[in-house]
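Hi everyone, thanks for coming. Please have a look at the sequence and the structure on the screen, and then I'll walk you through a few side chains.

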Amino acid sequence: MVFPAKYSSLNALELSDEARRILTRIIRVSFPHAQFPDGPYERMTEKIIEASAESSWFRMALTQGLMTLDTLSEEHFLDLPDDRALAVLKRIADLEFFAFIRRTVVLNLYDDPEVHQALGYEGESFSQGGYINRGFNDLNWLPEPRIEESDEAVLELGPLPYAVTAYAPAANTPPVGNVLGDSGILEEGSTR
């Protein structure tokens with residue numbers, strides 16, 4: 001359930017283009033992947049904005065957090081190099097607005113089709129017959145396996161350092177009666 005803010009101007013609050021660019025930069029610095037195009041990061045920005053629209057509190061926290069981000073460094077956040085931008089983000093890592101961004105991105109970024117393509121993920125294989133005939137042996141980053149027999153001698157481990165005996169009762173041992181004691185199990189024909 002969405003509760004309207006006390007002031008109607010907060011209900012209609014929208015992020016400026018600069019705030020959207022800052023949010024996209026936060027996502028890119030927090031989840032750096034050089035091979036990812038801009039599209040997935042921009043879609044995550046839109047996803048966060050959509051999610052914040054469901055709650056006045058998150059919308060205000062997001063807007064306030066983005067506006068105050070520049071107060072944490074001497075330069076504008078968009079102008080910072082990645083390492084200094086990351087240092088700024090580490091300072092706000094415990095704030096709820098950043099946790100909201102992180103939570104939304106973690107749940108959605110790696111489910112983007114462009115991200116799948118950039119990472120080489122071919123998608124689920126069940127509908128295509130499984131991995132046995134599709135993708136099972138396409139691990140290009142591993143060396144080719146050695147298939148031929150080795151000329152190396154097999155190392156003999158020898159006998160175990162302890163005796164191994166099979167457990168069996170002695171030949172004339174009578175069977176054990178009621179192992180469970182008085183378990184409440186009645187034998188056939190008996191009464192209590």
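Let me start with a question: is R43 buried, partly exposed or exposed? With a relative accessible area of 37%, R43 is partly exposed. Please keep in mind that what you see here is a predicted model.

Let's stay with R43 and look at its partner. D112 and R43 form a salt bridge, and their closest N and O atoms are 2.7 Å apart. D112 sits in the loop between helix 6 and helix 7, while R43 belongs to helix 3, so this pair ties together parts that are 69 residues apart in sequence. What about cover on the D112 side, buried or exposed? D112 counts as buried, because its relative accessibility is 5% and buried means under 20%. There is also a third member to point out: E114 is linked with R43 and D112 in a network of salt bridges.

How many salt bridges are there by this rule? The count comes to 7. As general background, side chains of opposite charge can pair when their charged atoms come close.

Let me show you two others. R84 forms a salt bridge with E75, and here the closest N and O atoms are 2.3 Å apart. R84 is partly exposed, at 39% relative accessibility, and E75 is partly exposed too, at 32%. Then there is E96, whose side chain meets that of R103 in a salt bridge of 3.6 Å, N to O. E96 has a relative accessible area of 38%, so it is partly exposed. R103 is also partly exposed, with a relative accessible area of 38%.

Now for the aromatic rings. A search of the whole structure turns up 4 aromatic pairs. One of them is formed by F36 and Y110, edge-to-face, at 6.3 Å centre to centre and with 65° between the planes. Where in the chain do these two sit? F36 is in the loop between helix 2 (17–30) and helix 3 (38–53), and Y110 is in the loop between helix 6 (96–108) and helix 7, so the pair links distant parts of the chain, 74 residues apart. F36 is buried, with a relative accessible area of 4%, whereas Y110 is partly exposed at 34%.

Another pair is made by W57 and F58, which is edge-to-face as well, at 5.2 Å centre to centre and 75° between the planes. W57 is partly exposed, with a relative accessible area of 47%, and F58 is partly exposed with 21%. If you go back to F36 and Y110, you can add Y41, and these three form one aromatic cluster.

My last stop is on the surface. Which residues gather there in a patch of negative charge? They are E148, E149, D151 and E152. Let me pick out D151, which is placed in the segment after helix 7 (113–119). D151 counts as exposed because its relative accessible area is 83%, and the cut-off for exposed is over 50%.

To recap with two pictures to take away: R43, D112 and E114 are linked in a network of salt bridges, and F36, Y41 and Y110 form an aromatic cluster. Thanks for listening, everyone!

Technical notes
Residues are numbered from 1 along each chain as its sequence is written. This is a predicted model: local features need pLDDT of at least 70, side-chain atom pairs count only at pLDDT 80 or more; totals for chains, interfaces and linings use all residues. Side-chain values use heavy atoms; hydrogens and water are left out. Patches are made of residues with over 30% relative accessible area and no salt bridge: like charges are joined within 9 Å, nonpolar side chains (Val, Leu, Ile, Met, Phe, Trp, Tyr) within 5 Å. Accessible areas come from the Shrake-Rupley method with a 1.4 Å probe; for residues, only the protein chains shown count as cover. A salt bridge is a side-chain nitrogen of Lys or Arg within 4 Å of a carboxyl oxygen of Asp or Glu. Lys and Arg count as positive and Asp and Glu as negative; His and the chain ends are not counted. The place of a charge is taken as NZ of Lys, CZ of Arg, CG of Asp or CD of Glu. Helices (H or I, at least four residues) and strands (E, at least two) are DSSP runs, numbered from the N terminus. Buried means under 20% relative accessible area, exposed over 50%, partly exposed in between (1.4 Å probe, protein chains only). Rings of Phe, Tyr and Trp (its six-membered ring) pair if their centres lie within 6.5 Å; planes under 30 degrees apart count as stacked, over 60 as edge-to-face and the rest as tilted.
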